[in-house]
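Trainee: I have a model open and would like to go through its helix packing with you. Can we take it one question at a time?

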Amino acid sequence: MNTPAAGAPGPREGAALAQLVGEAFTHAQGHADTEDAAEVRAITDAMVRLLIGAPLHSEGKLTVVSLATEAGLRRNKLTHKHTGLKDLFYALVKARTPVPEALPDSARARAAKQQQDLARVRAERDDLRGQAQLLARIVHVLEIENSKLRETAATLKQQVAALASVPDLTHRRRRH
C-alpha cells in the first residue's frame, strides 16, 4: 500500500482541514447564524463528503459543479460569492495524495477471468436446476403410472383368482 507523502494531506486529513477552515470562516465573518454561515457550512460539509469519497447528492467527482450539487447550492455561489472556499477545495484536491490504480493489470485480468468463471458456473447451476426440476416431474409422472399399473395388476389378479375357481373345459381330454 502507498503511504501519503509527507505534507500532502490524504482524503481524511483534507476533509478535516476543510471542516476546520469552514468553521473558522463562519466565526471570522462574525455572523454564525446568517444565510452566509449556512452556505459556508453546507459547502464545507460537502467538501468533507467529497474528499472522503462519500457523496450524498452528487456523482462524487472532485469538481466545483459536484461540490455545489453536494452542498445543495448553485455553482455561481462558489464561483462568485465563496471563492475562498472554492480555492480551498481545489487546493485540497490538488494536494491529495494520488490514488493508486485500483488493481494492477494482472489482477484485473484475474478478476475478469473470475467474473467469466462465475458467469459460467452460474449458467451451469441454472441448467442443473432446470434438469433437476425436469427429473422431479418425470419421477412424479412415473410414480403415478406405477400406481396405476399396480392397481391394474391387483384387478387382474382378482379376475384370475375368480377364473381359477371355474374349471377350464377347453383343456379336457375327449374320451372316445
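Trainee: Which residues in H2 meet which residues in H5?

Mentor: Keep in mind that this is a predicted model. H2 covers residues 35-52 and H5 covers residues 83-95. On the H2 side the contact is made by Val40, Ile43, Thr44, Met47, Leu50 and Leu51, and these meet Leu85, Leu88, Phe89, Leu92 and Val93 in H5.

Trainee: How many residues of the contact of H2 with H5 are nonpolar, polar and charged?

Mentor: Thr44 is in the H2 part of the contact, and Thr counts as polar. The contact divides into ten nonpolar, one polar and no charged.

Trainee: What is the orientation of H2 with respect to H5?

Mentor: Two packed helices are described by the angle between their axes and the distance between the axes. Here the axes come within 11 Å and cross at roughly 10 degrees. Angles under 35 degrees count as roughly parallel, so H2 and H5 are roughly parallel.

Trainee: Where on H5 do its buried residues lie?

Mentor: The buried residues in H5 are Leu85, Lys86, Leu88, Phe89 and Leu92. Viewed down the helix axis, they fall within an arc of 160 degrees, so they line one face of the helix.

Trainee: What span should the 13 residues of H5 have, and how far apart are its end C-alpha atoms?

Mentor: The expected span takes 1.5 Å a residue, which for H5 gives 18 Å. The end C-alpha atoms agree with that, being apart by 18 Å.

Trainee: Which elements are included in what covers the buried residues of H3?

Mentor: H3 spans residues 64-71, and six of its eight residues are buried, so H3 is largely enclosed by the rest of the structure. Those buried residues are Val64, Ser66, Leu67, Ala68, Glu70 and Ala71. Their cover includes H2, H4 (75-81) and H5.

Trainee: How many helices and strands does the chain have, and what percentage of its 176 residues is buried?

Mentor: From the N terminus on, the elements run α-α-α-α-α-α. That is six helices and zero strands. Of the 176 residues in the chain, the buried share is 20%.

Methods: Residues are numbered from 1 along each chain as its sequence is written. This is a predicted model: local features need pLDDT of at least 70, side-chain atom pairs count only at pLDDT 80 or more; totals for chains, interfaces and linings use all residues. Side-chain values use heavy atoms; hydrogens and water are left out. Axes are lines fitted to C-alpha atoms, for helices over the stretch in contact, and angles run from 0 to 180 degrees between N-to-C directions. Helices (H or I, at least four residues) and strands (E, at least two) are DSSP runs, numbered from the N terminus. Angles under 35 degrees count as roughly parallel, over 145 as roughly antiparallel, 65 to 115 as roughly perpendicular and the rest as oblique. Contact means heavy atoms within 4.5 Å. The expected span of a helix is 1.5 Å times one less than its number of residues. Buried means under 20% relative accessible area, exposed over 50%, partly exposed in between (1.4 Å probe, protein chains only). The arc is that of the directions from the helix axis to the C-beta atoms.
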